[in-house]
Amino acid sequence: MSKTISNHTTLTLRKLLLSQKVYLILGVIGLFINKGATVAIPMAAKTLIDKVIAHQNTDLLIKLIGLVSVIIILQAIASYFTLYILGVRAQKLIAEMRTEFYQKICALPLPFFTKHKSGEIVARTLKDFESIKVYIGTGFIQLLGGILTIVLAIILMLFISVKLTLILIIPIAFFGLVTFFIFKNLKPGFHQKKRTEAFISGRLTESFRGIRVIKLFNAQDFDTTIVRKHFFKLYEDIKKVLFTTNLIIGLATFFMGVTSIILIWFGSHMIFQGELSLGELLSFMLYLGLLIAPAIQISRLSSQALEASSSVERIN
């Protein structure tokens, strides 16, 4: 049964992405411009140290500053239009999907409304659709951008020093493996959190709608006890999810520190031995930052993607 739901969810997400293919293509074009500009800046650092400062070349400094200024402007423009176009389009699609979902719900027989609380249906109509914008809006492009940045950073690091890159790939690959196994067991937690939120929404709707009856029978304390129980159930669900997601971010910070220490140690010795210049080491450090920052971003987006996947299952 769960396999059937998973397959149906995959098909639904695929349809969502295909329905946005024109806007996603525009987003990918903007993404390549943005990330191309991002990886170009560390190259300028190498030129600055090894050619401008070492030889006190003022003319080259002016040219370098002009080039970096153009790159920054292109990056800012591409980033703005990519995020704006996809963000607005995602909200429009969500509005259309909510309308279709509402029509579908209204067409269901009366026993469905007897079985499900109105607040639960409202939660599905509003919150669940808001979660899936990670697939059809800027979230997808940011995820793709993070992967592209990592690939480009590794390629350029290999151009600077194959030896140093291979040394640093070991802790980074280990972090990726640990993250994969953690995320593999995270989805049920998001699914349970969504169910609890929907139940509480339904319970609160019923309580506020029947507040006159509750006051008439002086049952506020009894009703508060029940609601408090479910609030703390939601707290436990959120705590489990937060523990796992924050663990990943903490591990990413730890591995970032470890790789930085390894880079400083081996990079310094390679400079002593004449295998690496100071400018190349600086560029390498900047590329390492470009490698690790997207890894942390992907960790956050992956948790949002899991939450969106559980939302799609509930909508279906």
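## Close-up views of an all-helical predicted model

**View 1. Two salt bridges within helix α11.** Asp237 and Lys233 both belong to helix α11, where they are four residues apart, about one turn of the helix. The model shown here and in the following views is a predicted one. Asp237 and Lys233 form a salt bridge in which the closest N and O atoms are 3.1 Å apart. Asp237 counts as buried because its relative accessibility is 5%, under the 20% limit, whereas Lys233, with a relative accessible area of 35%, is partly exposed. Glu236 and Lys239 also lie in helix α11, here three residues apart and again about one turn of the helix, and their side chains meet in a salt bridge with an N to O distance of 3.4 Å. Both partners of this second pair count as partly exposed, Glu236 at 31% relative accessibility and Lys239 at 39%.

**View 2. A salt bridge between helix α8 and the loop that joins α11 to α12.** Side chains of opposite charge can pair when their charged atoms come close. The structure holds four salt bridges, and one of them is formed by Lys163 and Glu275, whose closest N and O atoms are 3.9 Å apart. This pair links distant parts of the chain, since Lys163 sits in helix α8 while Glu275 is found in the loop between α11 and α12, 112 residues apart. Lys163 is partly exposed, with a relative accessible area of 45%, and Glu275 counts as partly exposed at 40% relative accessibility.

**View 3. The aromatic pair of Phe232 and Tyr235.** The count of aromatic pairs in the model comes to one. In this pair Phe232 and Tyr235 are arranged edge-to-face, with the ring centres 6.1 Å apart and an angle of 75° between the planes. The two residues are separated by about one helical turn because they are three residues apart in helix α11. Phe232 counts as partly exposed at 43% relative accessibility, and for Tyr235 the relative accessibility is 43% as well, so Tyr235 is likewise partly exposed.

**View 4. The largest nonpolar core.** This core has 17 residues, and those with the most contacts inside it are Met157, Leu164, Leu168, Leu263, Phe284, Tyr287 and Leu288. Helices α7 (138-160), α8 (162-184), α11 (220-272) and α12 (278-315) each supply at least two residues of the core, and the largest share, seven residues, comes from α12. When residues up to four places away in sequence are left out, Leu263 touches Leu164, Leu168, Ser268, Leu281, Phe284, Met285 and Leu288. A second, separate core of five residues includes Leu24, Leu31, Leu86 and Ile141.

**View 5. A nonpolar patch on the surface.** Val22, Ile25, Leu26, Ile29, Ile33, Val70 and Leu74 form this patch, which together offers about 630 Å² of accessible area. Helices α2 (21-55) and α3 (58-106) each supply at least two of its residues, and α2 gives the most, with five. One of the patch residues, Ile33, lies in helix α2 and counts as partly exposed because its relative accessibility is 41%.

**View 6. The surroundings of Ala54 and Gln56.** Ala54 lies in helix α2 and is exposed, with a relative accessible area of 52%. Although Ala54 and Gly279 are 225 residues apart along the chain, their C-alpha atoms are separated by 9.8 Å. Gln56 is placed in the loop between α2 and α3, and its phi is positive, about 50°, although Gln56 is not a glycine. At 70% relative accessibility, Gln56 counts as exposed.

**View 7. Arg195 and Leu234, separated by 39 residues in sequence.** Arg195 is located in helix α9 (residues 187-209) and is partly exposed, with a relative accessible area of 40%. From C-alpha to C-alpha, Arg195 and Leu234 are 9.3 Å apart in space.

**Context for all views.** The protein chain has twelve helices and zero strands, and of its 316 residues, 39% count as buried. Among the contacts in the chain with a separation of 6 or more, 86% are accounted for by residues 24 or more positions apart. The accessible surface of the protein chain comes to about 18400 Å², of which 71% belongs to carbon and sulfur atoms.

Technical notes:
Residues numbered from 1 in each chain as written. Predicted model: local features only at pLDDT ≥ 70, side-chain atom pairs only at ≥ 80, totals over all residues. Heavy atoms only, no water. Patch = residues over 30% accessible without salt bridge, like charges linked within 9 Å, V, L, I, M, F, W, Y side chains within 5 Å. Areas by Shrake-Rupley, 256 points an atom, 1.4 Å probe, with all protein chains shown as cover. Buried < 20%, exposed > 50% of the residue type's maximum accessible area, 1.4 Å probe, protein only. Core = buried A, V, L, I, M, F, W, Y, C linked by side-chain atoms within 4.5 Å. Contact = heavy atoms within 4.5 Å. Phe/Tyr/Trp six-rings, centres within 6.5 Å; stacked < 30°, edge-to-face > 60°.
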